[in-house]
Protein chains: 2
Amino acid sequence: MHLKIGDLANATGTKVETVRYYERIGLLPEPERTSSNYRSYSSGHLDRLNFIRHARGLGFDIADIRSLLGLADEPEGDCTEVDRIASGHLEAVERKISRLIVLRDELTRMIGQCRGGQVGSCRIMNVLADHSLCKGEHSAS
Amino acid sequence: MHLKIGDLANATGTKVETVRYYERIGLLPEPERTSSNYRSYSSGHLDRLNFIRHARGLGFDIADIRSLLGLADEPEGDCTEVDRIASGHLEAVERKISRLIVLRDELTRMIGQCRGGQVGSCRIMNVLADHSLCKGEHSAS
DNA sequence: ATGGACCCTGTAGCAACTACAGGGTCAAGG
DNA sequence: CCTTGACCCTGTAGTTGCTACAGGGTCCAT
């Protein structure tokens with residue numbers, strides 16, 4: 001198992017620059033070097049990079065992944081902390097979804113009110129210019 | 001109407017630094033200066049900054065807002081382009097929601113399988129280490 | 001005249017990469 | 001043997017949308 005950086009990148013769907021970036025920030029351990037100073041990765045590196053990419057794919061941030069990797073290195077340990085990190089992330093994702101749904105509904109309503117015509121009378125522009133038009137709020141008439 | 005930067009920031013719920021940032025990137029026009037070199041804003045600036053903040057609140061990016069502001073400056077123009085920008089943004093939001101829902105479901109399933117115990121046998125860790133465990137994919141046995 | 005609240009410029013930091021520039025290495029083909 | 005092209009190396013700067021200083025100046029009240 002002696003992978004060059006390009007092989008490792010290919011095997012994990014990562015860009016070469018990203019692999020080097022992970023090394024720079026200490027997420028992926030420094031590999032051996034060949035006599036010509038090329039990085040030479042082992043299957044351990046492959047596993048670790050796969051772990052990182054899967055976690056990133058699930059939206060975990062680097063700090064969380066750092067913690068998870070630390071926990072993975074002690075398989076005898078209790079997995080409460082793993083659960084805590086994952087649950088925290090799940091909650092963050094749920095909050096993000098809620099916020100985006102509010103946004104989506106506001107955008108949908110706004111766009112639905114546009115009847116074309118001049119910019120000056122465009123409902124979209126009106127809403128943006130005066131947010132009180134947005135949620136059924138009305139200025140006193 | 002002569003607002004100092006702090007007044008403008010307060011009136012729009014923006015940080016002073018952010019106002020200066022918008023000026024630096026050309027989103028907010030440069031205001032007059034007092035004799036002591038303080039920025040002095042008019043109600044036109046206030047309207048424009050409100051527009052920017054509302055649009056940012058709806059998730060439009062700076063490039064979109066730049067376009068929308070350009071269109072707002074020609075109220076006689078046709079609002080097709082406005083509609084196009086808003087619809088494009090709505091679609092992006094919808095894509096983001098879909099992606100996050102997939103994530104949420106994967107995370108929920110993953111976390112639901114965790115029965116506590118050792119890290120080494122934690123389902124969450126297993127999924128992260130080998131993504132093929134994730135969606136009911138099985139390696140040939 | 002002195003304190004505190006404001007203002008100024010300019011620069012650096014955040015997340016998580018991505019994209020060069022300007023080199024070195026290596027294997028295959030002519 | 002030499003060249004060509006695909007790799008590899010380091011180091012730095014760009015992306016997005018701010019935010020946070022540092023190191024000054026101004027203004028007003030006490």
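Modeller: Let's start with one term: two parts are in contact when they have heavy atoms within 4.5 Å. Keep in mind as well that this is a predicted model.

Biologist: Thanks! Let me try a helix, then. Which residues of helix 2 of chain B are buried?

Modeller: A residue is called buried when its relative accessible area is under 20%. In helix 2 of chain B, which spans residues 16–24, that picks out V19(B), Y22(B) and E23(B).

Biologist: And how are those buried residues arranged, seen down the axis of helix 2 of chain B?

Modeller: They fall within an arc of 100 degrees, so they line one face of helix 2 of chain B. On the other side of this helix, E17(B) and R24(B) are exposed.

Biologist: What do the buried residues of helix 2 of chain B pack against?

Modeller: This is where the contact cut-off comes in. Their partners in chain B are three helices, namely helix 1 (5–12), helix 3 (43–57) and helix 4 (62–72), along with strand 1 (32–33) and strand 2 (39–40). Have a look just past the end of helix 2 of chain B too: G26(B) there has a positive phi of about 80 degrees.

Biologist: Now the interface. How much area do chain B and chain A bury between them?

Modeller: Buried area is the accessible area lost when two parts are put together, summed over both. For chain B and chain A this comes to about 4100 Å², with 79% of it on carbon and sulfur atoms. Three residues, L58(B), V119(B) and L128(B), provide 16% of what chain B buries against chain A, more than any other three. Each chain brings 50 residues to the contact.

Biologist: How many salt bridges does the rule find across the interface of chain B and chain A?

Modeller: The rule finds 0 salt bridges there. Polar contacts between chain B and chain A do occur: 10 residue pairs, with both residues at pLDDT 80 or more.

Biologist: Which helix of chain B gives the most to the side that touches chain A?

Modeller: Helix 5 of chain B does, with 19 residues. Helix 3, helix 4, helix 5 (80–112) and helix 6 (123–129) of chain B each supply at least two. By type, the residues on this side of chain B are 28 nonpolar, 13 polar and 9 charged.

Biologist: One last residue: is G13(A) buried or exposed?

Modeller: G13(A) is exposed, because its relative accessible area is 59% and the cut-off for exposed is over 50%. You will find G13(A) in the loop between helix 1 (5–12) and helix 2 (16–24) of chain A. Its C-alpha atom is separated by 14 Å from that of L3(A), 10 residues apart along the chain.

Technical notes: Residues numbered from 1 in each chain as written. Chains lettered and ligands numbered in written order. Predicted model: local features only at pLDDT ≥ 70, side-chain atom pairs only at ≥ 80, totals over all residues. Heavy atoms only, no water. Buried < 20%, exposed > 50% of the residue type's maximum accessible area, 1.4 Å probe, protein only. Helix = DSSP H or I, 4+ residues; strand = E, 2+ residues; numbered from the N terminus. Arc of directions from axis to C-beta. Buried area = accessible area lost by both parts, 1.4 Å probe. Salt bridge = Lys/Arg side-chain N within 4 Å of Asp/Glu carboxyl O. Polar contact = N/O pair within 3.5 Å; in protein donor to acceptor, adjacent residues only side chain to side chain. Nonpolar A, V, L, I, M, F, W, Y, C, P; charged D, E, K, R; others polar.
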